[in-house]
Amino acid sequence: MARLFAHRTLVNLPGTIDEIADKINDSNEEVTLSYSNNPNHSPKVWLEGPSCYSDPIYEPQIDEAIDLLDQLLGELRE
């Protein structure tokens, strides 16, 4: 079972979402970016990692992945 981290709701799903997912996966192969573009709801993105990532020992790795996600999404807004 996967553990969910860092939910973000977006105005529009970026066209570069797959590139963002690749960059996050390159930085930590255990963490993946998932997204939903349901036409009835705002687009959402979130990070998923193995359930063991709920252990505090992995907090630095999760924090780095969240920071990278926010940085990449922030670059799109600029």
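Two strands count as paired when DSSP finds at least two bridges between them. With that in hand, start with the sheet of this predicted model: three strands make an open sheet in the order S1-S3-S2, and the pairing is antiparallel. S1 and strand S2 (32-36) sit at the edges with a single partner strand each, so one side of each has no neighbour in the sheet. On average, neighbouring strands here are turned by 30 degrees against each other, direction ignored.

Now look at where S2 meets S3. The two pair in the antiparallel sense over five bridges, and Leu 33 stands opposite Leu 47 in S3. Helix H1 packs on the sheet, touching S2 and S3, with its direction at about 155 degrees to that of S2. H2, for its part, lies across S1, S2 and S3 and runs at about 25 degrees to S1.

What fills in the picture is the largest nonpolar core, which has 19 residues. Strand S1 (2-9), helix H1 (17-27), strand S3 (44-50) and helix H2 (59-77) are the elements that give it two or more residues, and H2 gives the most, with seven. Ile 20, Ile 24, Val 31, Leu 33, Leu 47 and Leu 69 have the most contacts inside this core. Take Leu 47: leaving out residues up to four places away in sequence, its contacts include Phe 5, Ile 24, Val 31, Leu 33, Ile 66 and Leu 69.

Finally, a word on the aromatics. The count comes to one aromatic pair: the rings of Tyr 53 and Tyr 58 have centres 4.4 Å apart and planes at 5 degrees, so they are stacked. Tyr 53 counts as buried, at 6% relative accessibility, while Tyr 58, at 26%, counts as partly exposed.

Key: Residues are numbered from 1 along each chain as its sequence is written. This is a predicted model: local features need pLDDT of at least 70, side-chain atom pairs count only at pLDDT 80 or more; totals for chains, interfaces and linings use all residues. Side-chain values use heavy atoms; hydrogens and water are left out. A nonpolar core is a set of buried Ala, Val, Leu, Ile, Met, Phe, Trp, Tyr and Cys residues joined through side-chain atoms within 4.5 Å. Buried means under 20% relative accessible area, exposed over 50%, partly exposed in between (1.4 Å probe, protein chains only). Helices (H or I, at least four residues) and strands (E, at least two) are DSSP runs, numbered from the N terminus. Contact means heavy atoms within 4.5 Å. Rings of Phe, Tyr and Trp (its six-membered ring) pair if their centres lie within 6.5 Å; planes under 30 degrees apart count as stacked, over 60 as edge-to-face and the rest as tilted. Axes are lines fitted to C-alpha atoms, for helices over the stretch in contact, and angles run from 0 to 180 degrees between N-to-C directions.
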